[in-house]
Amino acid sequence: MLAETIETVPPRPFLKWAGGKSKLLQQYKPHFPKTFKNYYEPFLGGGAVFFYFARQPLQLSARLTDINQELINVYRCIQSAPDTVIVLLANHQKEHRSEYYYKVRENLEGTDCEKAARIIYLNKTCFNGLYRENSKGEFNVPIGRYKNPQIFNPGLIRSVSTALQKVQIDVKPFEDVLHYATSSDDFVYFDPPYHPLSYTSNFTSYSRYSFNEEDQIRLRHVFAELAGRGVNVMLSNSDCSFIRELYKDFKIHKILAARTINSNIKKRGIISEVLITSY
Ligand SMILES: C[S@@+](CC[C@H](N)C(=O)[O-])C[C@H]1O[C@@H](n2cnc3c(N)ncnc32)[C@H](O)[C@@H]1O
C-alpha cells in the first residue's frame, strides 16, 4: 500500500544517462529561443532539457522520441502508471543485493511496467550508472559498488508523470521530426551521440544502433531542412573540425563540460563541446 504523503519534487531526469545535459543547462539557457509553442527532442535519453522546460511556467506541447525501445517504455509507464512503477521499485529496493541484480539483469520477461522498473533499477545499481547494450540489444553492465543505492524517489516519479501528461512519447529515428516541426512556433533540440574525438573515446553505442559519420551528415541535412522552414533548431556535439565544418553555415557556441564517464581516470577533466543554433 503506497504512503499517501509522498513529498513532491520538481521534475528532473530520473535516469543517469551518458551525455546527460543537466550540468550544462546554465550555459545553454542564454541560447534557448525566446518564444516557441511546440518542443521536440528526438534524442531523448535522460531528457534534461525537456525537464528544464517542464519546470518553467510555460504552456508547451512536447514530442519526445528516441530509438531506444526500452527507454521509451520507461517514460510511457511513468506517464500512464506511476504508482505501479513505484510499487515495483520499492520491491527492487528491498531485495537489492548482488545475486538479485544479475537475476533481474538476465530476466527480459514481464509486463511493460515490470520492464520499466527493471531498467530504472539496473540504471541505479549498475557500474557507473551507464546504460549500454551489446549488439544483440542485451543490457550487459556489471553491478556497481554503491553501498546503499537510492533506487528511486517516489515524489520524483510522480512529478515526472505529471510533467509527461499530454506529451507525445514514441520510439522513432531522429528524422521523424521532419513530419512535425514546420515553423518558427517550433523548437527542436538535437543531442545525438557525439562525433568521437579519438578512436578510443567513441561511446556512441547506447543501444544496438551505432551512430557514425554518415549519421552525423544525415542529421546535418535534417538540421538545415528544418532551419530552412524557420524552425528554431539547436544541436549539441563534440568540438572538433568535422562537426565545425559540417555546421559552418550556422551559429556555433563553445560550451565547457566536465568529462566524468571515462574508465581511465586520467582522461577525466574539462573539455569543450559545441552548441549549434539556426537562430
Ligand atoms: C547523448 S544521448 C541524449 C542525452 C540527453 N540529452 C540527456 O540529457 O540525457 C543520445 C540519445 O540518442 C539516442 N539515439 C541514438 N541513435 C539514434 C537515432 N538514430 N535516432 C534517435 N535516437 C537515437 C540514444 O538512444 C541516446 O538516448
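Me: Where along the chain is the place of Thr-182?

Reply: Thr-182 belongs to the loop between strand 3 and strand 4 (186-190), where strands are DSSP runs of E with at least two residues and helices are DSSP runs of H or I with at least four, both numbered from the N terminus. The model is predicted, and local features need pLDDT of at least 70, side-chain atom pairs count only at pLDDT 80 or more, and totals for chains, interfaces and linings use all residues. Residues are numbered from 1 along each chain as its sequence is written, while side-chain values use heavy atoms and leave out hydrogens and water.

Me: Why is Thr-182 called partly exposed?

Reply: Its relative accessible area is 48%; buried means under 20%, exposed means over 50%, and partly exposed is what lies in between, with a 1.4 Å probe and protein chains only. Thr-182 therefore counts as partly exposed. Leaving aside neighbours within four places in sequence, Thr-182 is in contact (heavy atoms within 4.5 Å) with Arg-229 and Val-231. The C-alpha atoms of Thr-182 and Val-231 are separated by 6.2 Å, although these positions lie 49 residues apart along the chain.

Me: What makes Phe-14 and Phe-51 an edge-to-face pair?

Reply: The structure holds 22 aromatic pairs, and in this one the rings stand 6.4 Å centre to centre with 75° between the planes. Rings of Phe, Tyr and Trp (its six-membered ring) pair if their centres lie within 6.5 Å, and planes under 30 degrees apart are stacked, over 60 edge-to-face and the rest tilted, so the Phe-14 and Phe-51 pair is edge-to-face. Because Phe-14 lies in the segment before helix 1 (25-28) and Phe-51 in helix 2 (residues 48-54), the pair ties together parts that are 37 residues apart in sequence. Phe-14 counts as buried at 4% relative accessibility, and Phe-51 counts as buried at 0%.

Phe-14 also pairs edge-to-face with Tyr-75, at 5.2 Å centre to centre and 65° between the planes. This second pair links the segment before helix 1 to helix 3 (residues 69-80), 61 residues apart.

Me: How do you know that the charged end of Arg-63 sits over the ring of Tyr-180?

Reply: The charged end of Arg-63 is 3.9 Å from the centre of the Tyr-180 ring, and a charge sits over a ring if NZ of Lys or CZ of Arg is within 6 Å of the ring centre and within 35 degrees of the ring normal. The distance is inside that limit, and the charged end of Arg-63 is assigned as sitting over the ring.

Me: Why is the largest nonpolar core said to lie between domain 1 and domain 2?

Reply: A nonpolar core is a set of buried Ala, Val, Leu, Ile, Met, Phe, Trp, Tyr and Cys residues joined through side-chain atoms within 4.5 Å. The largest such set has 57 residues, and those with the most contacts inside it include Phe-14, Tyr-28 and Ile-120. Helix 6 (residues 112-125) gives the most to this core, with seven residues. Domain 1 (22-69 + 166-277) and domain 2 (76-157) both contribute residues, so the core lies between them; these bounds come from an automatic or database domain assignment. The C-alpha centres of the two domains are 26 Å apart.

Me: Why is helix 7 described as largely enclosed by the rest of the structure?

Reply: Eight of the 11 residues of helix 7 are buried, so the helix is largely enclosed. The buried residues, including Leu-156, Ile-157 and Val-160, pack against helix 2, strand 2 (61-66), helix 3, helix 4 (82-95), helix 6 and strand 3 (168-171). Pro-154, also in helix 7 (residues 154-164), counts as partly exposed at 26% relative accessibility.

Me: What makes Asn-153 a cap for helix 7?

Reply: A side-chain oxygen of Asn-153 lies 2.9 Å from the backbone nitrogen of Gly-155, at the N-terminal end of helix 7. That value falls inside the limit for a polar contact, which is a pair of N or O atoms within 3.5 Å, where within protein one must be able to donate a hydrogen and the other to accept it, and residues adjacent in sequence count only if both atoms are side-chain atoms. The side chains of Asp-215 and Arg-218 are likewise joined by a polar contact, of 2.5 Å. Asp-215 lies in helix 8 (residues 213-228) and counts as buried at 12% relative accessibility.
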